[in-house]
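Okay, I'll keep this one short. Let me put the model up on the screen and then walk you through how the two chains are built and where they meet.

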Amino acid sequence: MPLLKHGEWILDTWRFYPDDQPIPSAKPKIVTVARLKGDDGEFLFHCDCQLGVRLESHEKIEDLEPWLERLQLVALVFPKFADGRAFSSAAMLREQYGFAGEIRAVGNVLVDQYPFMRRVGFDAFEVEQGRALDSWKKARIGIGLAYQYDDRSPDGPAAVWRARRGNRPLTLAAE
Amino acid sequence: MYRYDEFDARFVAERTAQFKDQVERRLRGELTEEEFRPLRLMNGLYLQLHAYMLRVAIPYGVLSSRQLRQLAMIADSFDKGYGHFTTRQNIQFNWPKLADVPSILEALAEVEMHAIQTSGNCIRNVTTDQYAGVAADEIEDPRPHCELLRQWSSLHPEFSFLPRKFKIAVTGAPHDRAAVKVHDIGLRMHRNEQGEPGFEVIVGGGLGRTPMVGKTIRGFLPADELLPYVTAIMRVYNRFGRRDNKYKARIKILVHEIGVDAFSELVEAESARGDHGEAIELAAAEVARIEAYFAPPAYEALPGKDPAHSAQLFENKAFARWVRHNVAPHKVTGYSIANISLKPVGGIPGDATADEMRTVAGLAERYSFGEIRVAHEQNLVLPDVATRDLYALWQALETAGLATPNLNLVSDIIACPGMDYCSLATARSIPVAQAISRRFADLARQEDVGDLHINISGCINACGHHHVAHLGILGLEKKGVESYQITLGGSADENAAIGQLVGPGFAADEIVDAVEAVVRVYLDGRKGREERFLDFFRRVGIKHFKEALYAPAQAR
């Protein structure tokens with residue numbers, strides 16, 4: 001599946017292992033919360049590998065708390081366009097837990113939500129094959145200004161309230 | 001009033017350009033209706049029974065004459081020469097063509113307006129008291145915080161895909177004209193013992209299928225902390241609000257199901273997390289900047305009593321009647337608040353023609369510092385009229401057919417568009433409103449009945465706010481026939497209450513008689529004119545009306 005990261009289409013080195021698939025020891029792997037908390041938890045915590053977790057939209061970010069320092073990646077699922085719970089999960093990961101790893105959007109990930117996703121802290125996007133990949137690069141910023149002050153995208157829209165205070169010059173990322 | 005700076009203007013211009021591109025892609029067939037739907041809904045464009053409907057935001061109901069003229073131009077050029085003011089202080093155009101919508105949005109942007117977030121599961125237009133900033137009983141002007149919320153909620157990245165739509169209302173007066181207790185979040189501004197401004201925070205109110213009066217989760221929230229606290233409420237709702245059933249997805253259901261105490265704990269815990277220092281600082285600076293736009297206009301020093309005005313009241317009964325009902329006290333001596341009823345006898349509640357809009361725009365320029373307000377009761381307001389000018393204003397309104405003196409009377413009816421426009425409706429609302437206003441056309445009779453609010457909804461989604469009417473009418477469909485239920489005793493003010501169902505529904509040709517019967521029960525039983533309809537209802541209860549309304553039928 002094409003992966004968009006830092007504005008570029010890259011080769012995905014991660015793989016998601018559903019609960020019924022055995023996990024290899026060395027490769028970067030994404031597992032479910034159930035697996036982290038289950039019998040494989042001990043092994044996963046200590047294994048010499050990159051570890052990510054996949055959080056369904058109804059699962060709480062608080063449940064990852066003991067694992068966050070161990071995790072390099074959190075994949076947040078959008079089961080459908082209208083289910084916006086993952087926006088709050090991403091915002092909380094960045095702002096309350098200071099999570100610095102990759103936050104990946106998976107599932108029904110649509111280009112129209114891309115600018116919003118970036119602004120709450122998503123930095124990687126799994127896009128279904130067949131979607132017009134060009135439009136993704138084009139839609140990176142969306143609108144060049146935002147009223148919200150807590151933007152988490154490094155080159156996102158200019159924050160109006162800060163610009164008004166003169167704290168940050170109004171230079172928009174070139175697109 | 002608030003004016004856009006370069007940032008606001010650019011924000012709306014970019015948004016307009018973005019939607020223009022989406023409309024063009026749709027017209028070229030590059031987007032399917034299914035793909036286009038969420039995009040148009042984020043820009044206030046609905047598909048109704050017969051055509052598209054564009055809902056334009058009027059932030060907290062404040063309009064300039066220039067803006068109202070532009071709305072008239074849009075009504076003339078892109079619609080059928082009229083617009084419809086809604087219960088959320090917005091305006092709807094019922095007949096735009098899809099290909100024209102980008103031009104309409106550009107025309108709106110020219111006068112600092114837009115249609116952002118007038119639909120969709122996001123934070124909708126923030127509403128307030130139509131007398132904000134001028135009401136004699138006001139504690140604090142709510143408009144700067146309304147504008148703060150408008151900006152903060154615009155294209156909010158975290159809260160644009162909520163379980164359901166979200167409505168915030170703010171009042172700064174003890175007498176609540178903004179119905180804050182029946183909103184998702186209601187904010188009542190007041191001051192604490194130290195004299196500092198803040199908010200009573202009420203959550204979980206709402207109408208629809210499951211009407212509820214909101215509950216207070218904070219008695220006093222310092223004004224500076226508004227955004228972090230509202231963010232916490234929104235986050236709790238976004239995470240835990242139900243998404244399995246659209247009819248149970250509003251915040252009121254969450255608050256009801258987990259209980260207000262548990263909900264409040266979640267919000268307090270959420271708002272205690274993280275450092276809000278910068279947020280508070282930025283918001284405070286923003287409010288200070290915004291407040292400058294709401295500085296009072298250049299009021300003249302006028303005497304409290306104008307002898308000419310007193311004489312006009314004495315000499316002209318029609319004028320005196322209009323003043324009695326449509327004019328409210330202003331906080332500045334020598335000034336008045338003039339209401340313009342959009343409820344003429346036999347008219348469509350909330351509709352205004354392009355000519356009427358231009359007339360009001362001109363009168364506002366002449367008599368009210370160029371400012372107009374939209375009331376959630378679907379009327380217009382000139383907020384700053386010198387009392388000595390009231391007579392001239394009234395004459396001009398009278399000439400234009402806009403001087404109906406019926407504010408808060410039985411013909412001042414709130415009605416949703418109903419089956420004449422809406423694809424959700426199960427019955428017609430507008431013809432019922434028209435028939436009731438014709439039946440009660442006699443002003444002396446209306447005046448005798450006094451304060452009686454009738455609201456009509458054409459389906460259980462309750463856009464006509466029937467639950468909070470003194471006399472509510474809900475249009476349903478029973479075996480292919482319209483049936484109208486009556487609820488009594490509702491109220492949308494600081495003593496908010498949900499009306500009680502009086503009994504089985506009435507057919508379309510019976511409902512006006514039934515309304516009249518309710519009025520007769522009241523007139524026959526009241527202790528005098530001082531006992532208003534609602535007071536009477538609270539004294540005698542629903543049973544009294546039930547017996548009077550249904551007993552004769554059983555006897556037959």
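**Domains, the chain contact and one sheet**

So, starting with chain A: the centres of its domain 1 and domain 2, taken over C-alpha atoms, are 25 Å apart. Bear in mind that this is a predicted model. The split puts residues 3–140 in domain 1 of chain A and 141–175 in domain 2 of chain A. Where those two touch, each side puts in nine residues. On the domain 1 side, the elements giving two or more residues are α3 (85–95) and α4 (114–120) of chain A. Of these, α4(A) has the largest share, with four residues. And if you like to think in residue classes, that domain 1 side has five charged, three nonpolar and one polar.

Now, chain A against chain B. How many residues of each chain are in contact? We get 26 from chain A and 31 from chain B. On chain A's side, you'll see α3 and α4 of chain A again, plus α6 (160–165), as the elements with two or more residues there. Which one gives the most? That's α6(A), with six residues. By class, this side of chain A comes out at 13 nonpolar, eight charged and five polar.

Okay, over to chain B. The assignment gives four domains here: domain 1 is 6–110, domain 2 is 142–293, domain 3 is 307–399 and domain 4 is 414–555. Between the C-alpha centres of domain 1 and domain 2 of chain B you have 27 Å.

The bit I'd like you to rotate to is a sheet in chain B. It's open, with five strands in the order β3-β14-β15-β12-β11, and the pairing is antiparallel. The edge strands are β3 (62–64) and β11 (327–329) of chain B; each has a single partner, so one side of each has no neighbour in the sheet. Going from one strand to the next, the twist averages 30°.

Zooming in on one pair: β12 (335–340) and β15 (380–386) of chain B run antiparallel and are joined by five bridges. One partnership to click on is B:Ala338 with B:Leu382 in β15(B).

Then there are helices on this sheet. Helix α3 (65–78) of chain B packs on it, touching β3 and β14 (371–374) of chain B, with its direction at about 85° to β3(B). Helix α13 (390–399) of chain B lies across β11, β12 and β15 of chain B, and runs at about 10° to β12(B).

That's my tour, happy to take questions.

Conventions. Residues are numbered from 1 along each chain as its sequence is written. Chains are lettered from A and ligands numbered from 1 in the order in which they are written. This is a predicted model: local features need pLDDT of at least 70, side-chain atom pairs count only at pLDDT 80 or more; totals for chains, interfaces and linings use all residues. Domain bounds come from an automatic or database domain assignment. Two residues are in contact if their C-beta atoms, placed from the backbone, lie within 7 Å. Ala, Val, Leu, Ile, Met, Phe, Trp, Tyr, Cys and Pro count as nonpolar, Asp, Glu, Lys and Arg as charged, and the others, Gly among them, as polar. Two strands pair if DSSP finds at least two bridges between them. Axes are lines fitted to C-alpha atoms, for helices over the stretch in contact, and angles run from 0 to 180 degrees between N-to-C directions.
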